[in-house]
Structure formats: C-alpha cells, structure tokens
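Here is a friendly walk through the strands of this model and how they pair. Keep the structure open beside you as you read.

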There are 2 protein chains.
Amino acid sequence: MKIHNGIWKLSFGTPESIVPSKQRYVKSPDSEAIEKLPSHEQAPFEFNKIRFSASARGSRLEIPLAQGEDIYGFGLQLKSICHTGKKRCLRVNSDPVTDTGDSHAPAPLYFSTAGYGILVDTARYASFYCGGNKALNPEAAGESGKTSIALDESELYAGKGGVPAPMLIDIPAAQGIDIYVFSGQNMLEAVRRYVLFCGGGALPPEWGLGVWYRTCGTHTQKEVTKMAEDLRSAGIPCDVLGLEPGWQSKAYSCSLDWSKERFPEPEKMTESMIKQGYHVNLWEHVFIHPSSPIYKDLADKSGDFEVWNGLVPDLSIKDAASKFSSYHAKALLKKGISSFKLDECDNSDFITSPWSFPECSKFPSGADGEQMHSMLGLLYQEAIEDACRSQGIRSYGSVRSSHVFAAPQPYVLYSDLYEHKDFIRGLVNCGFSAMLWTPELRHAASKEDYIRRLQAMLLSPQMLLNIWSMPNPPWMQLNKELNRAGQFLPEDEQKELLKYTKEILELRMSFIPYLYSAFADYHFDGIPPFRALVMDYPDVQELRKIDYAWMAGSSLLVVPFTAGTKEITMPLPPGLWHDFHTGSRHEGSITIKSELDKVPIFVKDNSIIPFADASRFVTNGMKYKLTLRTYGKHPEAARLYADDGFSLHSGKKPEFRGTVDKDGRLSGKLDRRYEIKEIMKF
Amino acid sequence: MKIHNGIWKLSFGTPESIVPSKQRYVKSPDSEAIEKLPSHEQAPFEFNKIRFSASARGSRLEIPLAQGEDIYGFGLQLKSICHTGKKRCLRVNSDPVTDTGDSHAPAPLYFSTAGYGILVDTARYASFYCGGNKALNPEAAGESGKTSIALDESELYAGKGGVPAPMLIDIPAAQGIDIYVFSGQNMLEAVRRYVLFCGGGALPPEWGLGVWYRTCGTHTQKEVTKMAEDLRSAGIPCDVLGLEPGWQSKAYSCSLDWSKERFPEPEKMTESMIKQGYHVNLWEHVFIHPSSPIYKDLADKSGDFEVWNGLVPDLSIKDAASKFSSYHAKALLKKGISSFKLDECDNSDFITSPWSFPECSKFPSGADGEQMHSMLGLLYQEAIEDACRSQGIRSYGSVRSSHVFAAPQPYVLYSDLYEHKDFIRGLVNCGFSAMLWTPELRHAASKEDYIRRLQAMLLSPQMLLNIWSMPNPPWMQLNKELNRAGQFLPEDEQKELLKYTKEILELRMSFIPYLYSAFADYHFDGIPPFRALVMDYPDVQELRKIDYAWMAGSSLLVVPFTAGTKEITMPLPPGLWHDFHTGSRHEGSITIKSELDKVPIFVKDNSIIPFADASRFVTNGMKYKLTLRTYGKHPEAARLYADDGFSLHSGKKPEFRGTVDKDGRLSGKLDRRYEIKEIMKF
C-alpha cells in the first residue's frame, strides 16, 4: 500500500503488537517535504515477488535482488560498509569485535544502490542474508562447482561475487511483519524519504557543534571548576563540559542525585560554568539505584531483572517515562543542565558478569528483553527529550544505542571500542540509517595518533574530547596511566600538542555555519549531513567500498588520515575537485601524501564554503563573520540557516533558510546571523 | 520424574517435536552401568524451585544455583573454561573468535561443581545466563552500589563474584522444554551418568589412537602413494593417511566420487596403502554436487537452500540417511576406506559470502535451519557410522560439529582456528560434554611452536598432523608458503625436526595401551578419557580455572607448554604426584621450567602406567610389549582392555577387561594382547 509519495507499507501475516513504529519516540512523517520530492508512482521492484512464511521460530521474508545491487545500512556498523553477500545478525551488543552485524545501534533498515530502502518494522534481533543464499532448484542444477583445489581457508570460503540470490530476512518470534519501502531516483533520495518519514533529521543547537570536553570521572566540584577556568585561560575553544558518574551519590546503578561529598554546591558550579559560556552535560544510565528519589515511583513499572542492583524502568509506558522525564526536568534541567550522556542503554557483550538485563526479561508493557534492548536507546532519548522540551531546551547529547526512527533525535552515538579505522567507518556508515556517530578522542598512543583522532572529528557530528579516564588534559600527557600518575610530557612537547589542539579546534569552530547549514538540510530536506560516497554516487563502482572518506554537507569530501598511514590513493567522485586548503584541482584518481597538520578536504567544483572567524564558544544568536571560500569558475550560491541557533521554538522555520552567493549577497533574513568579511577565490 | 538411578527427566509446557533426544543418533542408555553407580534417591536440588514460563519468543527456565557453585560444559568451548556469571549463547558457528558461547559444537548441557548436570533437550540456539542476573526485588533493595569511581572499562564492568542469581535459560521458539538432571556424589559421577545415559563413550579402534597424517589437498594418486612410501622409509610412525577434497571429481560441493584425473586407480592405491599398514581416511562434506551419483536420490529430501551449489540432505529422514549411508558403504568402505573427515557440518561464521544454509531454511522433516545446524554434525556422524556398521568396520573419524548425545560417536572435533592456548583449552573443556577434540598441527610459526603443538597432542584423543595445505612434510619446512614454494630448511634443521617428530610420535605409540584402556573406561563406565582437573577435584578452588592442564586416563596429569612460555606455576591436586619422566615427587604448588624436548606429565601416587614398545603402526590384534612404570610405595593394579582392538563385534566385551598389578600379573584374558617386558619403579 502506498502511504506517501514513493513510500509503501507492505504487511505480511499477523505482525507483533510491540514494534518500533508504535513506540513513543516515533514522530509524524514530514508529509509536506515528502510530497515535494520527485513523484514516484512505480514500485522500485515487483512487490508480488516478495515471499513470506511464518513458523514457530518466526517470520521469513525473501525480497528479490537484481544483479549488481549493493546493500548498505543496518545502523551503526563499525566493521564493514558494503553488506552484499554477507549475513548480518542485528543483536544489540555493546562491544562487537567481529563483522557479524551485532552493534550498539543496529537498525533493521537497508538501502540498495538500485535506489530504494527497506525498513523492517521489528524490535527483534533479525538476521539479514544479503544475497548470498540461493534456493535449491534441482531442475536448474548445473555442473558448476570447484574443481581446482584450494590450499587456504580464505580461498575455500571466498565469495562468488554477484547477487543471484534474494535478500533473506529472518525475524524471530514474529508471526507477521510490516515493511516500509522507500524509493528514489537514486540512493540519496531514498534515504531522504526515510529521514522525512521519521519526521526529518535532528537540528542540534549551534553550541552542540562546538567543542566538547568530558572531565575526569574522579573529579570533584572544585576540580571540574578549575578545569573550566584552565580551558578558558589557555584559550582552548570549548562549548560543553561533561561530568562523568562521580557527580552522583551512587553510580552503577544511578541515584541521579548529586553527590554531596564531591559536589556540595552543584547550582553554584553550574551557574559559574554558564557565566563562562559553557553548557553542562551530565553522564547517566537508565538503571536506577534504590537510593534514587525516583526508585519507588518506578518500582512497579520496571523489568523483572536488576542491572547493577538497579531497576530498569519500562520507558515505553507513558507513566514511567513521564516520571522519569519530569524528574530530569525539575531536578536537573531547571537548574542549568543542558544535556545528557545516556550510557549503557545498549546491551552487555559477552564478558565475565554480563551486566545488562536478559533478552528473556519481562516488562510490564508486555515487551520482552530482546525488544526492550532494541528500543531502549530511543525510549531513553525520547524520555530525556520530553524533559528538555518541557523546559524549552534544544538539546544535543550522547547515547550508546539507537535503532530505526532515530533521525529526529539530537543524540550522537559512541562506543567503548577504540580502533580508529573502525571509528571512521562508523561515521561513514551512519548516514544510511540517519544516525549520528563521532569518532571521539579518549587518549592516544602517540602524538600522531592524537592529532589524527582530533582531525577525524573535524567534519563529524561532534568534536568530543572524552577525557573521563584522565585527570589532566591530553596535551599534558596522552598516556592514560602516566596522565593519572601526574607524569607529564616535556614542556616543549606539551606546547606543540597544545598548538595542534587549538588549531584543529579553531578550525572546527570556523566550520560551524557550514555544518549548521548541513544539519538544516537534514532537518528540512532529509539529507544526512555525513554520507558515504556511494550514497551520493551509487553508480560509480569504485566508490562502493570506500569506508574511510565521506561527504560532509553538500560540498566537502573528507579523507582523514589515521596514525601510520603514509599516503592514500583513492578515486575521486566524477567531476572536478579542489583542495580545500590550497585550491589545487584534482580529477579521477588521487594520491594524497600524509601531512601531520592537515586533514585532506576536497571541495566540489563550483561550491562556496562559508568559513567563520573562530570563536572560543558559541553564544545565543551570535553573529558570525564569514570568509566565503569560493571554488571553481561558476560558484553556486551556498545554503545557510539563520534561526537563533539555540531555542526550541526557533526549530523548523523555513523563513530563516537562505543562500549566500559568490559576491557575498545574503538572501532573506540571513544577515541577522551572518556578515561577510572576505571573499577568497580558489 | 526419576528415569534411572540418579537421573531425572523434568517436563515444562509443551516441548517441540523436533529435539535432540528424538533423533536417529540417540542410543539406548546403558541402564546396567547406570544402576551400578552409587544409588541416588534424592534430587540434587529442589526441583520445585525451578520456574518456567513461555511466550511467543520461546521458553524461559530459572534453575536455582547455590553460593559457591561453578558451572562448566556447553560443548566445545575454546575461549573459557568456567562459565559462572557469564552469558553463553549457543549458536553453531564455525569460527567464533570471542568468548560468547558460539561454537562448532555447542551443547545445551552443563555440570556444576555441586555434583549435578543438566541437559536441556533443545536444538535451538539457547542462551544460558550462568548466575549473573538477579531478579528485581524492590522490597529487598539495599544500599549497595558503587560509590568509588572507576577509570577503566574493565573496572566498570567487573563481576561482583559469587552466585546469588539463578541459572537462566532462554530457549527460542519452544513453548515447552524437557530437561534431564544427572546427579552424582561428585562432578565426575554426574558426568558419568550423562555419558552412560548416552549409551557409553566411544571406543575407537587401536589404529585410531596411532598417528594420522593428512596429505596435501592438491596431491594426486601418485603423490599420495609416494608420501605413504616416504613416511615408511623415513621410519615415521603413521597409522592413518587422510585424503583431502582433491580425491573427488567435484569438491565444494561434493560429488563423493573419485576424480578420474587425479586418482585414476583408487582401489589399487588403497590396496597398496593397506598392505603398508595404513588406514585410509577421506575428506568430505555433506553438501552434494549435482554431478554426484546420489544427487537425484536426495533432491526431494533436502533443505530448500543450496550450499556451494549443492543440496543439503535431510539426514533426519530415514530414507535420506540410508541412501547416503549405503552409497558410502558400497562405493567407499567396501573398497578399503576406513574412515571419514566430515567437514563444514557446523555453520558459516559471518565472513563475506556466508556459505552455509540459513537458520530459517526448511527441511522436509519439518526441522528448520537452526535445528538442523545444531543436529547436522551428529546426524552426519550417525549416517556414516551406519555405513561403517553395515560393513563391520569400527571406525574413528574427524568431524567439525557435534551436540548433546555425542558420547558414543567415534569422532574427533577440529577447527580452522589455530591459537594454541585455545586449542588446549578446548581439550580441557570437551570432557564435560563427552566430546573429543584434538589440538591438531597444521603448520608452525617456529621450531618451538611445532614441537609444542605436537607435544600437546601426546595425551589427546588423536595425534593429527593435518598437512592439507603443504605439499611437503612439516619437518622439511614449517612455513606454509615456503613449503609450497619448495624452499626447505637447512638439512641439519630438517634432521633435528625429524628427530623431535619421531620421538614424540613414538612416545604416542607407547601410550596406546594406556589410552585404549582409558577409552574402555569411557565405553564401559562413562569416564571421559580427558578431563579438566576440576572434574576430578571439584572442591579444590585453585583448580577451578585451570584451562591448560588435564587428566588423561585415571592417573596422568598433563601440562603441555606452548611456544614462548618459559615456566608454569600451578597447584597440583591434593596428594603426591610423580614426574612421569624422572620419578621426582611433588606436592602442592609446583613451578615447571620449560624444556623443549619434554611434555610435563605427572603421575598420581601409587599408579602403574603400562608403556609399550613403540611400533610404526598398529596391526589387528597385535601383542604389546609393556614396560610397567610404577610410581609410589603401594602401586595399585592398572586397568587394561584386551579385545581385538579393531573389529566391531569385539566392542563392549567385559570379559576382555582386566588389570595388571605391580608385579606384572595380568588378570583374565589380558595376556592375549599384552606381555610384560620390564617393570620400572619410580
């Protein structure tokens, strides 16, 4: 059944009652924006070729794939980008170390290079066999089969290439399933339909796009206050200070109440932070300690297993969610807190003493543990967002789990894993599922590693220095153990690191108008701000497996280096590309040599990049001084967005969208937020 | 319901119709032997405290655990030995790289140090939460919870120790479940009840305990024949030659028919092998190529997905199994083949192009792919065993998957993984599930690695040089690539390796009577021949996590070294232990220094080890010349078994069991197979 322009809902069997599409976090589709997309009458493939069956173990769907289609998506995937031929099992799992589909934030959602996407409306740990499994057909059985003898396991089990087999979807428990099909003239248009179907992408406050610094877990009020002052006096750009578990009287599980010992005067501290231009973010998780003020209220609205001696509230129940929200509103947001870091709402991996609730847990809403694990990240985000909305706060936070329908939530994913290439791949992949992820910095193995990790965040959803495990800033000592022991680097090395740090963070601040505009495109038009190259160029075969470079906004292609890489040879997408820094022109294949102080960025021909004077932090409704960097012979006007940048009510206001052209002309109401300082031609 | 002395069957809800206990491979319990075990009237814990519930996603069982209980088992587990506090998810998976429970050969079966075991009769990928998850109980909620602040993920997620929570079992799809409880005065007795309930342990032919050499995958008839001659002329002990996929006209999938090109005269070759004292083993898997003589017969009795273009026969159907068996009998066993290597009957891991059939496959018996993956290893073993039985052959083979009820099957597990410590841990663990596993040698990183890998097999189920990926013997070149390129080690190094090889293989041959007797104990009395120390000493806390040493037979404790280990400090079990080689005495904690040419073996006080003159290969009914190595002041008579050692009819014959005492007196009919050459006192 067609439900919107280019969006179909197909039902098979008797679907479960507890599914993602029915949850509290699902917003109304942005029907208006969907209708504005090119009209799509025709289904992207023959729906009557889909086969469905159900058994006691669940539902099975076979969806035809055509030769040459490649498959992307499935939420946050750190280990691979192209899933064609593979099996993806979407278990919620905090630390997946192999390429199995397991993830902090899996999504039963994929997009094909053929220009369509499919959302499978299930909170089950579904498995997707992406075209590797052929049905038995003895009549058509041929003589193929290996006759050459392999001497390596990798040879034995090598793929055959091509996609002769269907997408096979295995959904546990369900006796039926709804799927949503999103079509498009190309892959990006299909993704946009999905984002707009979710209600549009998140629009963070501008301060959320500034620099984040999470303070050490053991730090007291005094130490946090000193860190805030030190960062300002050192001239380090910083918009958000994050407090780790130590702010609470009990953590693991959480009291959600200030520690009187460590933080005797939280309001005074928060006030002083705000005065210095900071926003304060608090760490927490959803497992509620018996000493918490809300424990008793939630006790009868919780799952039947404890986590770290705390209860697990059933946030799919309105009453539980609103108790949880209103506490956050009154006790924390009202007192100056701006955002939260929502930890451990994914699921335990398979370590000794698994810490999360079992998949066979029972919740009062009727959800079981498996369903709750899939949905908890979003239920949690929505409960906190509810609190923020009640206080008129436009927030931006961190979260460790998510799922389908995440697009409108202003939360950035993170992980305890740390392999840098995986972190970058996560960023490249997340756009397919309209999730945000940042390759955060926690510590570093070397100066090069440190700089590369900072650089990789330059054009990412969040510039996050997550220094929770070190009492001193990383530029004093990169090594965790030595940092804790107070053994610092030689002064000249500290100075050098500080210099690099400031340079990168200032560069980030300069990109805020550009990034904010990319988020406005996400919000209004459903265009993910960070996209794999294949999403913009699905027909260019050589780009289909590129998992180390991405498009940021409309015009920038980023290729960050990781430590140890000396050069990168890669195909550029079709057309002319300009080096962001020097303006040199490139086309076709390019070899980039490593330069420690530079993130390779390429600008699409005929683009204008608005580049602001770097400030130390963002203030509400501040005016940006822009240098327009124009590239190519006929630079096209660039979009900008000029709401106030922070308040909730100013969110989706088309009247504040506008463009700036190559001569510096600002359209509409853009001049309330921007002034042109200089035009540089490359 | 009590069904045997010390064995209970408990039923909950409405169990599925397709479960392990109803499969073709399940043998009658050895009721007589079970009755001879100490009488057990009392249940090992209060059965009425077990809680059961069912939902659309499956069944949930909670079984109480007492403080101090530790949990072992779950089939072949390479990554950990003690599972207390952990979550084990028993997915069949060829290459699990983390400690999740996934395995080639998972078993829904565990044993507790409290002296009981539980078999959960399911072919589902059940999850076991081994005591780490506490039920929510707001009334009893205390003030506990962390207040000290951790700075490391490992600290954050550290276990709390102790077992306050129940064993929680999550069984997908099933609306009910049967469990079997095995009690004992101790852990070993509980394991014995399980083995005897399965019909008793496997009794391999004596030749199966000799040396195995698998020839290179690309080798032709001529090359295999030459290898057989070379081994004999070099004086290398060898009983079994294994042929890899190349013997078939098509492999991947399998034609199960000789390649006329590579093996023009298979019968002539086999005959010449047999004349030289070899047994011939053939590699195969269960996926049948369209060109196979049995493809058409099986086409309508197969799963609905292909694997490598081949069909997957439903061997749970009698007609399919007997077609499969009778082909093996007529075409291969009748013509001199003695055993098979059954590959890839586990399941694909999550590599590119997963190769096995999906879990949602449908089989004509009504089994789905998940159930079939759990049972395929045993269905396959049983089909091949059927063929062997029809030819009066007592066989011993290799297999890549197994499950509960495996005890009577004469098959040794193996894996494509290769981490040596994991391989050793697998051997230590397998006894709990009455499975056999050997840490095979394929190639080596160094001389030390090579020798250590050979040594670790000395007192294992199988001495297997699996040289399928190298055309030349490992002692000519350990490195795969160089071996293939024909680049050999310097002659003196080759000589040295050959010397070590012969020494270890000859030592293995000398242990055959001792090992064969251990297998007879398995066969008659249900005592696993290879056991974790905790199985024999469950009350000694320090032994509960030892995953690098094991008991082989009644009296030997083996502590093999791995490459790079300089010394091992470990607690010995209570009592006096003698160094096997020198007779030196040890008690309590011991530090063993690495010696390249020695496997540390300790002999239990007052034991007699029958040690044979090493032969190059075993002949049917041959007579062993024994040196009796006696240890301690009052050596107790040692058991020996003296059937003919190879034929099927001579299998379970109590009249051939006997003992040899410290003065060399052989009881009963032992003298038909053994003569005492010497008595050595240590």
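Let's begin with a small motif: in this predicted model, β3(A) and β4(A) form a hairpin, with two residues lying between the strands. Strand β3 of chain A covers residues 51-55 and runs antiparallel to strand β4 of chain A, residues 58-63, the two being joined by five bridges. Within this pair, A:Phe52 sits opposite A:Leu61 of β4(A).

Chain B offers an open sheet of six strands with antiparallel pairing, in the order β1-β2-β11-β8-β7-β5. Its edge strands are β1 (2-4) and β5 (71-75) of chain B, each of which pairs on one side only. From one strand to the next, the twist averages 25°. Helix α3 of chain B, residues 187-197, packs on this sheet and touches β1, β2, β5, β7, β8 and β11 of chain B. The direction of the helix makes about 120° with that of β11(B). Inside the sheet, B:Leu109 stands opposite B:Leu119 in β8(B).

Back in chain A, an open sheet of eight strands shows parallel pairing, ordered β18-β17-β16-β15-β14-β13-β12-β19. Strands β18 (436-437) and β19 (463-466) of chain A each have a single partner strand, so one side of each is left without a neighbour in the sheet. Where β12(A) pairs with β13(A), the bridge partner of A:Arg214 is A:Gly242 in β13(A).

The strand pairs can be set side by side:

| First strand | Second strand | Sense | Bridges |
|---|---|---|---|
| β3(A), residues 51-55 | β4(A), residues 58-63 | antiparallel | five bridges |
| β7(B), residues 106-112 | β8(B), residues 116-120 | antiparallel | four bridges |
| β12(A), residues 211-214 | β13(A), residues 240-243 | parallel | three bridges |

Technical notes. Residues are numbered from 1 along each chain as its sequence is written. Chains are lettered from A and ligands numbered from 1 in the order in which they are written. This is a predicted model: local features need pLDDT of at least 70, side-chain atom pairs count only at pLDDT 80 or more; totals for chains, interfaces and linings use all residues. Side-chain values use heavy atoms; hydrogens and water are left out. Two strands pair if DSSP finds at least two bridges between them. Axes are lines fitted to C-alpha atoms, for helices over the stretch in contact, and angles run from 0 to 180 degrees between N-to-C directions. Contact means heavy atoms within 4.5 Å.
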